[in-house]
Structure formats: structure tokens, C-alpha cells
Amino acid sequence: MKKFSTFFLQAVIVLVGLLALVMLIWIPQTEGRAANLDLISIYADPFILYGYAASVLFFLALYNIFKLLGYIRQNNIFTAKAINIIKNIRQYLMVFGFLVLLSALYVKFFHNPADDSAGFMSLSALIILTCAVGVTAAAIFQHLLQKAVNIKSENDLTV
């Protein structure tokens with residue numbers, strides 16, 4: 001049962017990554033400013049390029065979650081490698097959330113006030129909140145896993 005559930009979760013991670021990639025390609029073409037622009041002008045926008053650079057952290061976090069699920073399937077979760085993967089996930093999510101916060105602040109203070117940025121701001125708030133929850137969960141999981149690895153190493157030394 002555990003092998004099926006970890007495989008299923010890995011498939012969900014791949015689907016989330018593909019969906020995010022499709023959205024990164026499709027959404028810039030649908031925004032209002034892009035109505036009369038060619039593809040090169042759309043994707044050469046500095047704000048779009050900033051979004052692509054920030055999304056690298058999201059994809060790195062997804063890749064590390066995928067690797068962590070592989071360790072769980074192989075029963076290698078109580079290792080230092082798994083703890084480092086969780087630490088990496090936490091750091092990627094923290095930096096990604098901060099970069100989204102910076103983009104939201106940029107739009108809030110430097111964007112044209114005539115444009116309606118409520119959708120972008122609410123989406124940014126949702127992403128920041130999700131990153132904060134992910135960072136907190138990863139920190140708790142890392143702490144618990146570190147305790148378990150310490151107990152396991154003590155038991156290995158006493159036997």
C-alpha cells in the first residue's frame with residue numbers, strides 16, 4: 001500500500017509541475033498588455049522574466065519533494081540525506097515566497113494605479129500563505145525526523 005501511495009503522490013507532483021509549466025507559458029499571452037504584442041515582446045518583459053526566474057525555486061522544491069517520496073518508498077527516510085532534502089525544500093519555499101512578496105510590493109507601489117491589480121495581489125497573498133504553511137510544515141517535519149534519526153543512531157550504537 002505504501003508503494004502505491006508514494007507512487008501516486010509522485011504522479012501528483014509531476015502533474016502539478018506540468019500544470020505550473022503550462023500556466024507559465026499560457027498566462028503571459030492572456031494578460032491585457034499582451035493583446036497587441038508579438039511572442040518575443042511578451043516573453044521579453046522584465047516582470048515575466050522575473051516570474052520565470054522565481055519559478056525555478058518552485059520547480060526545485062517539487063523535484064526535492066519527488067526525491068523525498070522516493071526515499072519514503074525505499075524505506076530510507078530516516079537518513080541524513082532525507083533531512084537535507086527537507087531543509088532544501090524549506091529554503092526553496094522561503095526564498096520563493098519572499099520573491100513573490102517582492103513582486104507584490106513592486107506591483108503595489110510602482111504599477112500603474114489605473115490598472116486593477118486585485119487579482120494579482122490576491123494570488124500573491126495565496127502563494128505567500130501557501131509557502132509559509134509549507135515552510136512551517138517542513139520545519140516541523142525536519143525537527144521530528146532529526147529526532148528520529150538521533151534515536152535510531154543511539155539505538156544502533158547500543159546494540
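How many residues does helix H5 have, and how far does H5 reach from its first C-alpha to its last? Select residues 118–158 to find out: H5 has 41 residues and reaches 60 Å, close to the 60 Å expected at 1.5 Å a residue. As you look around, keep in mind that this is a predicted model.

**Stop 1: helix H5**

With H5 still selected, show the side chains of Ser124, Cys131, Val135, Ala138, Gln142, Leu145 and Val149, which are buried. Now add helix H4, which is part of what covers the buried residues of H5.

**Stop 2: helix H4**

Move your selection to residues 80–110, which is H4. With 31 residues at 1.5 Å each step, H4 should span 45 Å, and its end C-alpha atoms are 44 Å apart, so the helix agrees with expectation. Then colour its buried residues, which include Ala82, Ile83, Ile85, Ile86, Ile89 and Leu93. Further along H4, the buried residues also include Phe96, Gly97, Val100, Ser103, Ala104 and Val107. Which helices help to cover the buried residues of H4? Both H3 and H5 are included in that cover.

**Stop 3: helix H3 and its partner H1**

Next, select residues 46–73 for H3 and residues 2–30 for H1. The axes of these two helices come within 9 Å and cross at roughly 170°. Angles over 145 degrees count as roughly antiparallel, and therefore H1 is roughly antiparallel to H3. If you sort the contact of H1 with H3 by residue class, there are 19 nonpolar, five polar and three charged residues.

**Stop 4: two residues on H3**

Stay on H3 and pick Asn64, which sits in this helix. Is Asn64 buried or exposed? Its relative accessible area is 5%, so Asn64 is buried. Leaving aside residues up to four places away in sequence, Asn64 touches Ile85, Asn88, Ile89 and Tyr92. Two of the residues it touches, Ile85 and Ile89, are among the buried residues of H4 you coloured earlier.

Val56 also lies in H3, but with a relative accessible area of 45% it is partly exposed. Draw a distance from its C-alpha to that of Phe96: the two residues are 40 apart in sequence and 8.7 Å apart in space. Phe96 is itself on the buried list of H4.

**Stop 5: the aromatic rings**

The structure holds six aromatic pairs. For one of them, select Phe47 and Tyr106. A pair of aromatic rings is described by the distance of the centres and the angle of the planes. Here the values are 5.9 Å centre to centre and 25° between the planes, and the pair is stacked. Phe47 is in H3 and Tyr106 in H4, 59 residues apart, and the pair thus links distant parts of the chain. Phe47 counts as partly exposed at 29% relative accessibility, and Tyr106 is partly exposed too, at 43%. Add Phe110 and Phe120 to the selection, and you have one aromatic cluster with Phe47 and Tyr106.

**Stop 6: a loop residue**

Finish in the loop between H3 and H4, where you will find Asn75. What is unusual to look for in its backbone? Asn75 has a positive phi of about 60° although it is not a glycine. At 53% relative accessibility, Asn75 counts as exposed.

Note on methods
Residues numbered from 1 in each chain as written. Predicted model: local features only at pLDDT ≥ 70, side-chain atom pairs only at ≥ 80, totals over all residues. Heavy atoms only, no water. Axes fitted to C-alpha atoms, helices over the stretch in contact; angles between N-to-C directions. Helix = DSSP H or I, 4+ residues; strand = E, 2+ residues; numbered from the N terminus. Parallel < 35°, antiparallel > 145°, perpendicular 65-115°, else oblique. Nonpolar A, V, L, I, M, F, W, Y, C, P; charged D, E, K, R; others polar. Buried < 20%, exposed > 50% of the residue type's maximum accessible area, 1.4 Å probe, protein only. Expected span 1.5 Å × (residues − 1). Contact = heavy atoms within 4.5 Å. Phe/Tyr/Trp six-rings, centres within 6.5 Å; stacked < 30°, edge-to-face > 60°.
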